[in-house]
Structure formats: C-alpha cells, structure tokens
Amino acid sequence: MVLNGSDGAAIERAALELAAGRLVAFPTETVYGLGARADSDGAVALIFEAKGRPADHPVIVHVADATAAAQYAANWTPLAERLTARLWPGPLTIIVERKPGIGAAAAAGQDSVGLRCPAHPVAQALIRAAATKGVSGVAAPSANLFGRVSPTTAAHVAADFPDDLLVLDGGACEVGIESSIVDCRGTAPVLLRPGMLSKELIEAAADHALVDSVDQNLRVSGNLDSHYAPRATLRLMNAAQLQAALQVLGPAFSGLAVYSHSIPPVLPQPGGLRWRTMPAQARAVAHELFSVLREFDSARVKLIWVEQPPPGSEWDGVRDRLQRAASP
C-alpha cells in the first residue's frame with residue numbers, strides 16, 4: 001500500500017503502524033528504509049524476517065536529532081558531538097557505544113549501535129510523529145530483499161514486498177546510495193563504509209584525520225563482501241577490457257547490459273544489447289546507480305558489464321557499491 005508521504009494523514013497512519021510494532025517503508029535522502037520501532041526487539045525482528053536478513057547483521061537506528069540519538073548511547077563522545085553538530089541531518093551514520101537495555105536487536109547483539117538523523121522531510125516527519133507515540137527511534141535498513149539492489153523509489157519497494165506493507169512515497173531519493181558510516185567510539189574517526197560525504201568533509205567536521213579501523217570484529221550495515229547485487233551477474237571491467245569483450249560478443253548479443261562512462265554507446269539491436277551511459281559526475285552516478293541496475297534486472301538481462309568508475313575519493317561510495325555488487 002503506497003501512500004503520499006507529504007500527506008499528514010498518511011504520516012499519522014504510518015506513525016501508528018510503527019507504534020503498534022508493525023513495519024513501514026519510508027524515504028530518506030539516501031535510499032528507502034524498511035522501518036520498525038527500534039526500542040522493541042520484537043518489532044525489529046520483523047525487519048530481519050521480511051528481508052531475509054541474517055540476525056547478526058546490524059541495522060541503523062534513525063532519530064530526529066542528536067538529543068534523541070543520545071538515548072541509545074552509553075558514551076556520547078566529543079567526536080560524535082562534533083560530527084553530528086556539523087553533518088546532521090544528512091547521509092552520515094555514527095557508531096557509538098550502545099546503552100544497555102535498548103536497541104539490542106537493531107545492534108545485532110553488539111555493544112555498539114549505528115545512529116543516523118536523515119535529512120528527508122518525510123523521514124523527519126515520520127520519526128517525529130512516531131516519537132509522540134512513544135517510539136524513541138526507527139530501526140531501518142534498506143527496504144529491499146537482503147543482499148539485493150537497494151530501493152530509491154517507492155515503486156522499487158512495492159516491487160519487493162507484499163501489498164500490505166505501508167510505503168510512504170517521498171519521490172526519488174536525492175543521494176541514491178547508503179550513508180557514510182563513521183566509528184565515533186574513540187578520539188579518531190574511522191570510516192567503515194564510504195558514502196557521498198567526502199573524506200575531506202568528514203575530516204574537517206571531525207577536526208581529525210580519518211584512521212584505519214582497529215576493531216576487526218565490529219559488524220556494520222552493508223559491509224559484507226557481496227551486497228547490493230542485481231539478479232543478473234555483474235562484472236566490473238576497465239575500459240580496455242570492456243571494449244575487447246564487446247568486440248567479441250557484438251551488439252546483437254542477447255541478455256547483456258552495459259553501463260560505461262568512456263566508451264561511445266553501441267547502438268542496441270532488437271532483443272540484444274542494452275546500453276546506459278554513466279554520467280561524468282560521481283553524485284549523478286550515485287543518484288541513478290540502483291535505478292539503473294533495477295532497470296537492467298527488469299529487462300531480464302543475464303549479464304551486466306560496468307566500466308570501473310574513474311579514480312578519486314569522490315567515487316569511493318559508488319566504487320564500494322559496485323565492487324560488492326560484483327562479488328560472488
């Protein structure tokens with residue numbers, strides 16, 4: 001059931017669903033989330049069941065602001081304070097020590113928890129409306145089947161789940177890939193998952209250079225080797241490899257789709273090759289990436305060949321999603 005997210009009555013209905021322990025899908029600026037009240041382990045368990053998500057793979061808790069986030073934190077560090085003050089609301093998830101007795105299921109049993117304050121107005125309206133009904137935060141991974149392509153429109157969500165799931169439609173997500181995740185438990189920031197926040201921006205907000213992870217046991221959302229994968233087999237290639245492979249198969253090859261930024265488009269043949277040109281800007285690619293992969297899947301292609309993104313830290317988030325989508 002898809003409802004207009006700008007309708008106050010729809011927000012109220014969705015907030016009541018969350019308060020009752022049921023699932024709601026809603027838009028954020030990154031991707032659509034499948035939400036449950038984070039203060040109820042039973043409600044959060046429904047997320048894992050609906051997605052087919054392993055119970056040891058944590059989900060992020062979405063909150064209205066830093067004050068609400070602090071309810072989940074056993075230790076709100078100066079680093080967490082600086083980053084949230086400067087980058088929230090926005091596509092940033094912070095990892096902090098979890099307060100005992102709350103959010104255990106969302107944290108997959110870990111002593112840490114991921115927290116985010118989304119910038120999307122529909123997400124903010126839903127979280128705040130749910131708070132008036134006693135919901136302290138909304139646990140929400142991406143609203144798709146586990147390991148598959150994330151959703152950036154309400155139609156993507158509706159295609160993956162039964163009709164009785166309430167979906168708030170807030171339009172296409174502006175960012176298009178998931179949030180950056182930064183470990184804030186210490187004094188130095190550790191980038192655990194790249195997004196569309198640049199390393200330079202995170203370091204400036206943190207007043208500290210990013211450092212490599214020292215906690216190899218920490219589990220965070222989206223860090224499995226294989227993730228974000230279409231049903232078709234995705235292969236990443238450099239321009240020379242892609243050009244050579246195209247010469248072997250030719251444009252009449254059935255069941256192949258190509259996403260390339262440097263090779264001139266090969267005109268598709270009826271029933272054969274499908275082609276999408278990758279934009280030159282990383283933000284534009286992030287915005288459309290998951291929609292393009294879903295488009296190819298809808299066309300029932302068997303192979304998706306993607307040209308490796310250009311070098312540069314601004315492409316790290318896109319590169320990370322494509323590498324995981326291509327992993328067996």
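In this predicted model, 55% of the chain's 328 residues count as buried. The accessible surface adds up to about 13,300 Å², and carbon and sulfur atoms own 53% of that.

What about the overall build? You'll find 10 helices and 15 strands in the chain. Take the C-alpha trace along its principal axes and you get a span of about 60 × 45 × 30 Å. A compact globule of 328 residues would have a radius of gyration near 20 Å, and the chain has 20 Å, so the two agree. Now look at contacts with a separation of 6 or more: 69% of them join residues 24 or more positions apart.

Next, the pockets. Here are two of them side by side:

| Pocket | Volume | Nonpolar lining residues | Polar lining residues | Charged lining residues |
|---|---|---|---|---|
| Largest pocket | about 280 Å³ | six | two | five |
| Second largest pocket | about 200 Å³ | eight | none | four |

Which residues sit nearest the centre of the largest pocket? Of the 13 that line the largest pocket, they are Ala159, Asp160, Arg231, Arg294 and Asp297. Helix H6 (154-160) and helix H9 (282-298) each bring at least two residues to this lining, and H6 has the largest share, with four.

For the second largest pocket, helix H2 (residues 41-51) gives the most, three residues. If you want to find this pocket on screen, try picking out some of its lining: Glu17, Arg22, Leu23 and Leu34 are among the residues there, and so are Phe161, Pro162 and Asp164.

Conventions:
Residues are numbered from 1 along each chain as its sequence is written. This is a predicted model: local features need pLDDT of at least 70, side-chain atom pairs count only at pLDDT 80 or more; totals for chains, interfaces and linings use all residues. Side-chain values use heavy atoms; hydrogens and water are left out. On a 1 Å grid over the protein atoms alone, a cavity is a set of points where a 1.4 Å probe fits but cannot get out, and a pocket is an open set with protein on both sides within 12 Å along at least five of seven lines; lining residues have an atom within 4 Å of a point. Grid points are joined across faces, edges and corners, and a volume is the space filled by probe spheres set on the points. Ala, Val, Leu, Ile, Met, Phe, Trp, Tyr, Cys and Pro count as nonpolar, Asp, Glu, Lys and Arg as charged, and the others, Gly among them, as polar. The radius of gyration is taken over C-alpha atoms; the globule rule is 2.2 Å times the number of residues to the power 0.38. Buried means under 20% relative accessible area, exposed over 50%, partly exposed in between (1.4 Å probe, protein chains only). Contact means heavy atoms within 4.5 Å. Accessible areas come from the Shrake-Rupley method with a 1.4 Å probe; for residues, only the protein chains shown count as cover.
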